[in-house]
Amino acid sequence: MQNQVNDIIHIQNLETITKIGIYPHEKTINQPVIMDFKIYTNVKFAAITDCINNTCDYASLSKFIINYVSSNQFNLLETLAENLCNILLKEFNIQQLDLRISKPLALQEISKGALVSIEISRKN
């Protein structure tokens, strides 16, 4: 039985652009998305060894996320969130992941300043 992990690495306000949306005009323009991550992983061994290879390398993770999101196109925030969580859990030393993705321009024509976001939690 695996021990419960209480260690969390936070990445907040990670911003990139992508083509995202269901409307025709959204499919042709890049829009910003802002992501917040809570990464559940055991940092004890990394702390003891003082070695980046024994933890989640958040710089590499952030570069990977920006590259993945900006080089793909999505209809829904839900699809982006689900796909991103699945890939990160598989590729990085992550046991659980909470992700919130905001699409600042989603309601721009309805209400200036309104912010749409989705938040999901996934684990290995």
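Throughout this tour, a contact means heavy atoms within 4.5 Å. Keep in mind as you click along that the model is predicted.

**The whole chain**

Start with everything shown as a cartoon. You should find three helices and five strands, and reading along the sequence gives the pattern β-β-α-α-β-α-β-β. Turn the view to the principal axes, and the C-alpha atoms fill a box of roughly 50 × 25 × 25 Å. Add a surface next: the protein exposes about 7700 Å², with carbon and sulfur atoms supplying 49% of that area. Buried residues account for 35% of the 124 residues.

If you colour by charge, there are 11 positive and 12 negative side chains to pick out. The centres of those two sets lie 3 Å apart. A contact map is worth a look too: among contacts between residues at least 6 apart in sequence, 62% join residues at least 24 apart.

**Stop 1: Arg-122 in the last strand listed here**

Select Arg-122, which sits in strand E5. With a relative accessible area of 29%, Arg-122 is partly exposed. Which residues does Arg-122 contact once its neighbours within four places in sequence are left aside? Show Glu-82, Cys-85, Leu-89, Gln-96 and Leu-97 to see them. Now draw a distance from Arg-122 to one of these, Leu-89: the two are 33 residues apart along the chain, and their C-alpha atoms are separated by 8.2 Å.

**Stop 2: the nonpolar core**

Hide the surface and go inside. The largest nonpolar core has 28 residues, and Met-35 and Phe-37 touch the most other members. To frame this core, colour strand E1 (8-20), strand E2 (31-40), H2, H3, E4 and strand E5 (116-123), the elements that give two or more residues to it. H3 provides the largest share, seven residues.

Centre on Met-35. Setting aside neighbours within four places in sequence, its contacts include Ile-11, Leu-14 and Thr-16, as well as Ile-65, Val-69, Leu-84, Leu-99 and Ile-101. Gln-12, Asn-13 and Arg-100 are also in contact with Met-35.

From Met-35, step to Thr-16 in strand E1. Is Thr-16 buried or exposed? Thr-16 is buried, at a relative accessible area of 9%. Beyond residues up to four places away in sequence, Thr-16 touches Gln-31, Pro-32, Val-33 and Met-35, and also Ile-66, Val-69 and Ser-70.

**Stop 3: the aromatic pairs**

Show the aromatic rings as sticks. How many aromatic pairs does a search of the whole structure find? The search finds two. One is Phe-64 with Phe-92, an edge-to-face pair at 5.4 Å centre to centre and 70° between the planes. Phe-64 lies in helix H2 (residues 58-70) and Phe-92 in the loop between helix H3 (77-91) and strand E4 (96-103), so this pair ties together parts 28 residues apart in sequence. Phe-64 counts as partly exposed, at 29% relative accessibility.

Then move to Tyr-68 and Phe-74. Their ring centres are 6.0 Å apart and their planes meet at 50°, so this pair is tilted. Tyr-68 is buried, with a relative accessible area of 15%, and Phe-74 is buried as well, with 5%.

**Stop 4: Ile-22 in a loop**

Select Ile-22, placed in the loop between E1 and E2. Without counting neighbours within four places in sequence, Ile-22 is in contact with Lys-27, Asn-75 and Leu-76. Draw the C-alpha to C-alpha distance from Ile-22 to Leu-76: they are 7.0 Å apart in space and 54 residues apart in sequence.

**Stop 5: two positive phi angles**

Finish with the backbone. Asn-13 is not a glycine, yet it has a positive phi of about 60°. Asn-13 belongs to strand E1 and is exposed, with a relative accessible area of 58%. You have met Asn-13 already, among the contacts of Met-35.

Asp-50 is also not a glycine and has a positive phi of about 55°. Look for Asp-50 in the loop between helix H1 (44-49) and H2. At 72% relative accessibility, Asp-50 counts as exposed.

Terms used
Residues numbered from 1 in each chain as written. Predicted model: local features only at pLDDT ≥ 70, side-chain atom pairs only at ≥ 80, totals over all residues. Heavy atoms only, no water. Phe/Tyr/Trp six-rings, centres within 6.5 Å; stacked < 30°, edge-to-face > 60°. Helix = DSSP H or I, 4+ residues; strand = E, 2+ residues; numbered from the N terminus. Buried < 20%, exposed > 50% of the residue type's maximum accessible area, 1.4 Å probe, protein only. Areas by Shrake-Rupley, 256 points an atom, 1.4 Å probe, with all protein chains shown as cover. Lys, Arg positive; Asp, Glu negative; His and termini not counted. Charge placed at Lys NZ, Arg CZ, Asp CG, Glu CD. Core = buried A, V, L, I, M, F, W, Y, C linked by side-chain atoms within 4.5 Å.
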